Amino acid sequence: MFEKNTTGTKPEGGKKASVISPAKIAKGGETTTIGSSINIKGELSGGNDLIIQGKVEGTIKLQNNSVSVGEQGHIQADVFAKSITVQGELYGDLHGTEKVTISRSGRVKGNIIAPRVVLEDGASFKGSIDMENKPVASNSSAEIENTPKKASIA
Amino acid sequence: MALFSPRAEEPRDNRQVVSCPAFSSLMQEFSDEQKYRILDLGRARGGTVTYFSRFRCKLFVADVIPDILSYQESLPEDEPPELMLQEMIGLDDLSELDLVLCWDILNYLDAPMIETFSTSLRQLMRNGGHLHAFINTRSEMPAFPGSYQILDAGQMDVEHQAGNRISAPRFAQRNLREMMREFEIKHSRLLQSGMQEYSFYCL
């Protein structure tokens with residue numbers, strides 16, 4: 001799934017990945033997990049869904065699949081995927097062709113380009129959300145993940 | 001400057017739903033056709049993102065209020081503030097804004113800071129752009145700014161951190177006009193919550 005550069009040299013934009021520490025990429029069905037002890041620099045691409053618990057720096061391109069950044073994940077990369085979920089920390093731009101979700105434990109600084117964006121209550125986000133390339137959503141289809149308890153109406 | 005604001009205390013029990021008729025009026029002017037550029041100075045809230053998803057827009061989430069307050073606190077007495085808001089926010093492409101959501105911060109700034117804040121903010125906005133804000137009219141207010149999110153065009157949910165209350169500056173309209181010379185008041189409504197809701201537009 002991943003192209004690896006085992007020389008340990010830092011790749012330049014768009015070049016092959018270099019594995020900083022020994023990689024343990026466990027494949028289970030259609031989902032690949034990058035464990036918490038793994039650091040990867042470079043470009044990740046492929047055709048599986050991906051769960052990242054480790055550190056990735058570079059670019060992640062899985063346009064037809066989902067990318068999930070686990071609570072232990074630390075990403076410094078632009079991410080291109082069908083759907084993206086962030087529970088850990090991510091610094092970069094998120095391009096989701098279907099949906100981007102920042103979970104309550106997620107911390108993101110970057111720009112989001114996606115037709116649907118969900119910020120769960122407690123999520124940290126700083127950046128921009130571009131809602132240009134989407135059909136106009138109706139009220140009924142709007143997704144609200146953090147409906148508050150109504151205390152009083154002022 | 002911290003990458004992220006400190007995570008808010010949870011659970012929160014100081015939640016309130018407030019009406020916002022002036023905001024509702026403002027939103028009725030928004031069309032589905034035009035693309036808008038909107039800045040939320042507060043921290044990211046899902047309801048606000050969801051609400052603006054019905055428009056073609058680019059929503060900037062600045063999460064900059066703690067930084068502005070820290071800057072104000074760090075200023076030596078009698079030193080005039082010089083707020084570089086764009087640098088403080090640190091986001092690319094932040095210009096020609098159509099709408100700025102300025103929720104609760106004005107209650108926590110002193111008059112000289114509001115003047116420089118207003119000038120700095122105006123530089124990021126297009127002519128005729130709008131600013132929406134709440135001013136506390138009661139004698140006391142929570143010690144820290146609340147976090148607002150839109151429930152619908154006429155209602156917002158406000159979270160305040162539990163804690164002490166402090167005296168409120170209770171800025172009157174004439175004070176705001178003097179401090180915010182780059183803006184004109186468009187709508188102003190006194191709400192049952194004790195907040196005065198304002199929408200401004202850029203001169």
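In this predicted model, I129(A) stands opposite L59(B) in strand β3 of chain B. The two strands concerned, β13 of chain A (residues 124-130) and β3(B), run antiparallel and are joined by 4 bridges. On the chain B side, β3(B) pairs with strand β2 (residues 35-40) in the parallel sense, over 6 bridges. Within that pairing, L39(B) has F60(B) as its bridge partner. Between β2(B) and β3(B) the chain passes through helix α2 (residues 46-52) of chain B, and this β-α-β crossover is right-handed.

**Strand β3 of chain B and the nonpolar core**

Strand β3(B) covers residues 56-61, and 6 of its 6 residues are buried. R56(B), K58(B) and F60(B) point one way from the strand, whereas C57(B), L59(B) and V61(B) point the other way. Both sets are buried, the arginine R56(B) and the lysine K58(B) included.

L59(B) touches residues of both chains. Leaving out residues up to four places away in sequence, its contacts in chain A are S128(A), I129(A) and M131(A), and those in chain B are I38(B), D40(B), V49(B) and F52(B). L59(B) also belongs to the largest nonpolar core, which holds 87 residues; together with L41(B), V100(B) and C102(B), it touches the most other members. The largest share of this core, 6 residues, is supplied by strand β8 (residues 74-86) of chain A.

**The two chains**

Chain B comprises 6 helices and 11 strands. Its radius of gyration is 16 Å, close to the 17 Å that the globule rule gives for 203 residues, so chain B is as compact as a globular protein of that length. Taken along the principal axes, the C-alpha atoms of chain B fill a box of roughly 50 × 35 × 35 Å.

Chain A, by contrast in its secondary structure, has 0 helices and 13 strands. Buried residues account for 40% of the 154 residues in chain A and for 44% of the 203 residues in chain B. Contacts between residues at least 6 apart in sequence can be divided according to their reach along the chain. In chain B, 72% of such contacts join residues at least 24 apart; in chain A, the corresponding value is 12%.

**Confidence in chain A**

The mean pLDDT of chain A is 77, and 67% of the residues score at least 70. Over residues 1-28 of chain A the pLDDT stays under 50, and the model has 53 contacts beyond four places in sequence for this stretch. Residues 135-154 of chain A also have a pLDDT below 50, with 39 contacts in the model beyond near neighbours in sequence.

**Selected residues of chain B**

The table gives the C-beta neighbour counts of four residues in chain B.

| Residue | Other C-beta atoms within 10 Å | Class |
|---|---|---|
| F117(B) | 22 atoms | buried |
| L124(B) | 19 atoms | partly exposed |
| R170(B) | 16 atoms | partly exposed |
| D93(B) | 11 atoms | exposed |

F117(B) is placed in helix α5 (residues 111-122) of chain B. Because 22 other C-beta atoms lie within 10 Å, F117(B) counts as buried, the cut-off being 20 or more. Its contacts, apart from neighbours within four places in sequence, are L83(B), L85(B) and L109(B). Y148(B) is 31 residues from F117(B) in sequence, and their C-alpha atoms are 20 Å apart in space.

L124(B) lies in the loop between α5 and β5 (125-136) of chain B. L124(B) is in contact with L39(B), L85(B), Q86(B), L94(B), S95(B) and L97(B), when neighbours within four places in sequence are set aside. L85(B) is thus listed among the contacts of L124(B) and among those of F117(B). Although L124(B) and L85(B) are 39 residues apart along the chain, 8.9 Å separates their C-alpha atoms.

Two further loop residues are notable for their backbone angles. Most residues other than glycine have a negative phi. D93(B), in the loop between α4 (85-89) and β4 (97-102) of chain B, has a positive phi near 65°. R170(B) is not a glycine either, and its phi is positive at about 50°; R170(B) is found in the loop between β9 (165-167) and α6 (173-179) of chain B.

Note on methods:
Residues numbered from 1 in each chain as written. Chains lettered and ligands numbered in written order. Predicted model: local features only at pLDDT ≥ 70, side-chain atom pairs only at ≥ 80, totals over all residues. Rg over C-alpha atoms; globule rule 2.2 N^0.38 Å. Buried ≥ 20, exposed ≤ 12 C-beta atoms within 10 Å, placed from the backbone. Contact = placed C-beta atoms within 7 Å. Core = buried A, V, L, I, M, F, W, Y, C linked by C-beta atoms within 7 Å. Pairing = 2+ DSSP bridges. Right-handed = clockwise from strand over helix to strand, strands pointing away. pLDDT = per-residue confidence, 0-100.
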